Amino acid sequence: MSSLLEVNGLSKYFTAKTNWLGRPVSHVSAVDDVSFSLKAGETLSLVGESGCGKSTTGRLVLRLLEPTAGTIRYDGRDITRLEGHALRDLRREMQLVFQDPYASLNPRMTVGDILAEPLMLHGLVPPEKRKARVEELLDLVGLRPSHARRYPHEFSGGQRQRIGIARALAVQPNLIVADEAVSALDVSVQAQVLNLLKDLQARFGIALVFIAHDLAVVRHISQRIAVMYLGHIVEIAPTAELFAAPRHPYTRALLSAIPVPQPKASRQRIILSGDVPSPIDPPSGCRFHTRCPFAVDLCRQTKPAMEETAAGHSVACHRWRELPAAAPLPVESDQPGAARLARLQAKFSEPVSQTE
Ligand code: SF4
């Protein structure tokens, strides 16, 4: 199957400081040389610590930010420099679900008006059919038709996220970027919203770029995972492969931080020393070398290229072949978070209108 989205060498630098002439003298390297692809109906998760560039990557893909370098191809078309009407038409096909649904919903508009707005802007549904379409959208996300008359502040966090998803679905997109869409929710509500996203994705064949910092959540929803560190993708692999055989030391550290639901299971937590370096002055060579327990001189001098370690699994590390195999995870921890999520999903599988 050909790719719906192809990103090649994508970079974004923000100006950090200007001289007295207003010319930039230093910049923040938020995203640097990022490449990946996404098939129709597939979910790719971007994972990493705060400030690793995952949200900026999502916004670049949606053309909400102008890239400094690189190309974005969507459905075979180069959309990197698209403008005007062509860009507006593209926006109908690519939607964003925000982390904070409350901040993204106009508090002065009813939910019905919020959902009707994109239908009107894009001329998708004639006025006489908009009410029915709004009710259909509410039903899709597990809300009641009567909710259309309410305002955003009258809903819980999970319900507001459902409204955000309904608004994204209103224009029948092919691609959704969900930026930390469940991070601000309680774990039980997270499970509901994740299930909803999965169901809707399967039903409508929507491709999903899921941005998160929680690997347990990412595992539940994604087919592939890209791990980002300081603006770079350092490892990308099918989800099962990444959890079974992580190659990059940073990925291993992230995996080791996932809580294990077995009190007696022995896990070796990998504690990374130091903070994430400043993206204004990133380290030379491998950007992870200041915190990597396996760093050698080569790492400090030369940037590692992406190398394929197995089908669909690539890593940017000079030493991935020499590193000891990752310690096997205890049986339950082989599914970090999944057992807990499964229990919660069973418990909270009823429609939201009955549970929230
Ligand atoms: Fe560590 Fe070197 Fe690999 Fe970077 S290239 S992750 S510093 S071993």
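With the whole chain in view, you can find 13 helices and 12 strands, where helices (H or I, at least four residues) and strands (E, at least two) are DSSP runs numbered from the N terminus. This is a predicted model, in which local features need pLDDT of at least 70 and side-chain atom pairs count only at pLDDT 80 or more, while totals for chains, interfaces and linings use all residues. Residues are numbered from 1 along each chain as its sequence is written, and side-chain values use heavy atoms, with hydrogens and water left out.

Colour the chain by accessibility, and buried residues will make up 49% of the 356 residues; buried means under 20% relative accessible area, exposed over 50%, and partly exposed in between, computed with a 1.4 Å probe on protein chains only. Among contacts in the chain between residues at least 6 apart in sequence, 65% join residues at least 24 apart, a contact being heavy atoms within 4.5 Å.

**The ligand**

Select the ligand next, together with the residues that have a heavy atom within 4 Å of it. The residues around the ligand are His248, Pro249, Cys286, Phe288, His289, Cys292, Phe294, Ala295, Cys299, Cys317, His318 and Arg319. Sorted by class, this shell holds eight nonpolar, three polar and one charged residues, with Ala, Val, Leu, Ile, Met, Phe, Trp, Tyr, Cys and Pro counted as nonpolar, Asp, Glu, Lys and Arg as charged, and the others, Gly among them, as polar.

The ligand takes up the space of the largest cavity. A cavity here is a set of points, on a 1 Å grid over the protein atoms alone, where a 1.4 Å probe fits but cannot get out, and a molecule sits in one if more than half of its atoms lie within 2 Å of its grid points.

**Helix H10**

From Pro249, which is part of the ligand's surroundings, move on to helix H10, residues 249-256, which is largely enclosed by the rest of the structure because eight of its eight residues are buried. Those buried residues are Pro249, Tyr250, Thr251, Arg252, Ala253, Leu254, Leu255 and Ser256. To see what covers them, display the elements that include helix H8 (215-221), strand E9 (224-229), strand E10 (232-238) and helix H9 (239-244).

**Strand E2**

Now select strand E2, residues 24-39, and look for serine 35 within it. Serine 35 counts as partly exposed because its relative accessibility is 35%. Leaving aside neighbours within four places in sequence, serine 35 is in contact with Val7, Asn8, Gly9 and Ile233. Glycine 9 deserves a second look, for its C-alpha atom is separated by 5.3 Å from that of serine 35, although the two residues are 26 apart along the chain. A polar atom of the serine 35 side chain also lies 2.9 Å from the backbone nitrogen of glycine 9.

Serine 29 belongs to strand E2 as well, and at 4% relative accessibility it counts as buried. Its side chain makes a polar contact with the side chain of arginine 287 at 3.3 Å; such a contact is a pair of N or O atoms within 3.5 Å, where, within protein, one must be able to donate a hydrogen and the other to accept it, and residues adjacent in sequence count only if both atoms are side-chain atoms. Beyond its neighbours within four places in sequence, serine 29 is in contact with Lys12, Tyr13, Pro279 and Arg287.

Aspartate 33 is a further residue of strand E2. Phi of aspartate 33 is near 60°, a positive value in a residue other than glycine, and the residue counts as partly exposed at 42% relative accessibility.

**Helix H1 and two loops**

Threonine 56 lies in helix H1, residues 54-61, and counts as buried at 15% relative accessibility. Apart from neighbours within four places in sequence, threonine 56 is in contact with Lys12, Phe14, Ala30, Val31 and Leu65.

For asparagine 106, go to the loop between helix H3 (101-104) and helix H4 (111-121). Asparagine 106 is partly exposed, with a relative accessible area of 33%, and its side chain reaches the backbone nitrogen of arginine 108 at 2.9 Å. Setting aside neighbours within four places in sequence, asparagine 106 is in contact with Ile114 and Pro152.

End the tour at glutamate 180, in the loop between strand E7 (175-179) and helix H7 (187-204). Phi of glutamate 180 is near 50°, a positive value in a residue other than glycine, and at 9% relative accessibility glutamate 180 counts as buried.

Note on methods:
1 Å grid on protein atoms, 1.4 Å probe; cavity = no way out; pocket = protein on both sides within 12 Å on 5 of 7 lines; lining within 4 Å.
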